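Work through the exercises below with the model open. Try each task before reading its solution.

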Amino acid sequence: MEVKLQNLKNTILKELAEIKDSQLLADLKNKYLGRKGELNEILKALKDLSDLEKPRIGKLANEIKQELAEVFAQAESAFNPNKQTNFNFDASLPGTKKEIGHLNPSTIVQYEIEEAFLAMGFAVYDGPQLESDYYNFTALNIPADHPARDTQDTFWLEGDNLLRTHTSNLQVRMLEKYGAPFRGIFPGRVFRYESTDASHDHTFYQLEGLMVDKNINIGNLIATMRTLLSSVFKREVDVRLRPGFFPFVEPAFEMDIKCLVCGGQGCSVCKQSGWVELMPCGMVHPKVLEAGGLDPKVYSGFAFGLGLTRMAMMKYRIDDIRLLQSGDLRFLKQF
Ligand code: FA5
């Protein structure tokens, strides 16, 4: 049978070489490869082979069949070159739109802020999310027994480690590493062991800013806050400044924004108050400067800790923070 197959193949190839037109080609194909063609007749005998021979001869038969099909296809397109491209091509039709990824709204806002701060001579830094108690709390003038620790529910890890509760963990790290003068922002992910609702998540993004130099004052802080807001909103928005309390800044302020989801009327995002806590800030506490190796009599500075995820909610009027990390493409594709 093996010999029969090889002989058939050789005969077909020989006859094919002498074919002069497409009709003869079609006849030849039908004669040998058609349903009742000679090749199929030989293949019918496969079933009578021994179990030992069947796989080997079967494989060979398939290879020959495939090879001949390709040879005929080539011959057909040689006789009729238009056959292959037998469709109407309209270059003016729009192409199929490729699906591309989308940036998360928090990332869009982060990039806008980064651009504005780079233009003001700030640099963008990153740092550890797995942090020690020292940099997250103690170095920020929040010793072990300080009640301020309770305001940021913490995911504690083994030893003295934790998942950072805020991007302020980088304040002392940066001063230690770069000294003064210093201008930097540090966007990043933070974690809090708290239950979620429309404006609270357990994992969210903050963007910290720190500027330290000689003669830095509250005027510099306020001018920077203004630049930050206009870089994101590109228009005037209602904000209010009220006294705050954070052991690492003195004086400390809370900057709230009039809720843009409800226009200040009251909703689940602003807890019916019309205002959303957005950006605490203040003048760097002398103890923090000291922890960073600087003399507070020579240097002063300001720091702020923007709720980046909440900023994105305000900008895009997103009424539930949990949507931002839901991974729901119907939501993400809108940005
Ligand atoms: C802090 O985290 C301070 N480190 C901020 C700071 C930096 C103060 C520098 C002074 C100087 P607070 O816990 O308030 O502060 O969080 C800052 C912002 O993060 C809030 O105003 C809010 O916008 C956002 N935020 C806080 N908790 C959550 C949460 N669970 N989900 C989403 N956003 C939150």
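**Exercise 1.** Find which residues surround the ligand and are closest to it.

*Solution.* Count residues with a heavy atom within 4 Å of the ligand. That gives 26 residues. The closest are His166, Ser168, Arg192, Asp201 and Glu277. The model is predicted: local features need pLDDT of at least 70, side-chain atom pairs count only at pLDDT 80 or more, and totals for chains, interfaces and linings use all residues. Residues are numbered from 1 along each chain as its sequence is written, and side-chain values use heavy atoms, leaving out hydrogens and water.

**Exercise 2.** List polar contacts of the ligand (pairs of N or O atoms within 3.5 Å).

*Solution.* Start with the ligand's nitrogen atoms. One lies 2.7 Å from a polar side-chain atom of Ser168. For Glu194, a side-chain N or O atom is 3.0 Å from a ligand nitrogen. Now take oxygen: a ligand oxygen is 3.4 Å from a polar backbone atom of Leu278. Finish with area (Shrake-Rupley, 1.4 Å probe). The ligand alone exposes 670 Å², and the protein buries 96% of that.

**Exercise 3.** Locate the largest nonpolar core.

*Solution.* Take buried Ala, Val, Leu, Ile, Met, Phe, Trp, Tyr and Cys residues joined through side-chain atoms within 4.5 Å. Buried means under 20% relative accessible area, with a 1.4 Å probe and protein chains only. The largest core has 42 residues. Ile113, Phe233, Phe304, Leu306 and Met311 have the most contacts inside it. Helix α8, a DSSP run (H or I, at least four residues), gives the most to this core, with six residues. Apart from this core lies another, of 26 residues, including Tyr125 and Val249.

Terms used. Buried < 20%, exposed > 50% of the residue type's maximum accessible area, 1.4 Å probe, protein only. Helix = DSSP H or I, 4+ residues; strand = E, 2+ residues; numbered from the N terminus. Near = heavy atom within 4 Å. Polar contact = N/O pair within 3.5 Å; in protein donor to acceptor, adjacent residues only side chain to side chain.
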